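Colleague: I would like a close look at one part of this model, the places where a backbone angle takes an unusual sign. Please set that part in its wider context.

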Amino acid sequence: MSTPVLDAIFERYSCRDFLGEPLTEFEVDLLVKAALAAPSAVNRQPWHIIMCNNKNIMDELETAGMEVISADEDKGTYNRIMERGGKVFYNAPAMMLICGNSTDWAMLDSGILVENVALAAHSLGLGNVICGMMRIPLNSPKGEYFTKLLKIPNGYQFTIAILIGKANSGKEPHELDMSKVTHV
């Protein structure tokens with residue numbers, strides 16, 4: 001059986017190669033609305049969304065992140081990023097940061113929200129990758145500066161981000177691993 005939603009779920013892949021072309025206002029508006037349409041525990045909506053379309057800010061965040069990653073004694077993450085072109089944010093023109101409050105459900109609800117955005121972006125023909133690497137510059141020595149620059153509200157902390165843009169290249173979605181399922 002095929003439906004537009006199921007097609008988006010099964011076709012979506014993690015894009016790590018973006019053209020860098022800015023999103024349109026229409027695309028940004030739809031993605032923000034898709035985020036806000038996400039369900040949350042008791043409809044508390046424990047999130048704050050920051051839509052960053054500023055390439056200069058993203059480049060500054062990326063530079064700070066790479067400084068931290070390159071200084072780490074374990075070079076595994078650094079080597080993997082370098083193999084992928086040396087960019088933490090893969091030349092994406094936009095990043096949606098989701099910040100959660102201190103409630104018990106904020107992390108889970110942020111995960112639900114970011115999946116809404118990933119599927120919405122894919123359905124609009126946009127590449128996307130869910131990105132936890134944003135925590136690195138926020139936890140770096142410049143973290144307080146970036147928190148202010150991004151206007152993260154008091155009482156909220158970074159939970160997850162998603163990079164969005166037109167894909168420069170594509171790839172197949174990951175293979176389904178049915179061994180991860182137990183039927184009871």
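Modeller: What follows takes the overall build, then the two loop residues, and then a few side chains for contrast.

The model is predicted, not experimental. The protein has seven helices and four strands, and from the N terminus on these run α-α-β-α-α-β-α-β-α-α-β. The C-alpha trace spans about 50 × 40 × 40 Å along its principal axes. A compact globule of 184 residues would have a radius of gyration near 16 Å, and the protein has 17 Å, which agrees. Of the contacts with a separation of 6 or more, 84% are between residues 24 or more positions apart. Of the 184 residues, 40% count as buried.

Now to the part you asked about. Most residues other than glycine have a negative phi. Asn-43 is not a glycine, yet its phi is positive, at about 50°. Asn-43 sits in the loop that runs between helix 2 (25-36) and strand 1 (47-52). With a relative accessible area of 53%, Asn-43 is exposed, because the cut-off for that class is over 50%.

The second residue is Asn-91, again not a glycine, with a positive phi near 70°. Asn-91 belongs to the loop between helix 4 (76-83) and strand 2 (94-100). Its relative accessibility is 30%, so Asn-91 counts as partly exposed.

For contrast, consider a residue inside a helix. Ser-110 lies in helix 5 (residues 106-123). Ser-110 is buried, as its relative accessible area is 1%. Leaving out residues up to four places away in sequence, Ser-110 touches Ile-98, Thr-159 and Ile-160. Ile-98 falls within the range of strand 2 (94-100), the strand that ends the loop holding Asn-91.

The side chains also include one aromatic pair. Tyr-145 and Phe-146 form this pair, which is tilted, with 5.2 Å centre to centre and 55° between the planes. Tyr-145 is partly exposed, with a relative accessible area of 41%, whereas Phe-146 is buried at 0%.

On the surface as a whole, the accessible area comes to about 10800 Å², and carbon and sulfur atoms hold 53% of that. The protein carries 16 positive and 22 negative charges, and the mean positions of the two sets are 3 Å apart.

To return to your request: Asn-43 has its positive phi in a loop before strand 1, and Asn-91 has its own in a loop before strand 2.

Terms used:
Residues numbered from 1 in each chain as written. Predicted model: local features only at pLDDT ≥ 70, side-chain atom pairs only at ≥ 80, totals over all residues. Heavy atoms only, no water. Helix = DSSP H or I, 4+ residues; strand = E, 2+ residues; numbered from the N terminus. Rg over C-alpha atoms; globule rule 2.2 N^0.38 Å. Buried < 20%, exposed > 50% of the residue type's maximum accessible area, 1.4 Å probe, protein only. Contact = heavy atoms within 4.5 Å. Areas by Shrake-Rupley, 256 points an atom, 1.4 Å probe, with all protein chains shown as cover. Lys, Arg positive; Asp, Glu negative; His and termini not counted. Charge placed at Lys NZ, Arg CZ, Asp CG, Glu CD. Phe/Tyr/Trp six-rings, centres within 6.5 Å; stacked < 30°, edge-to-face > 60°.
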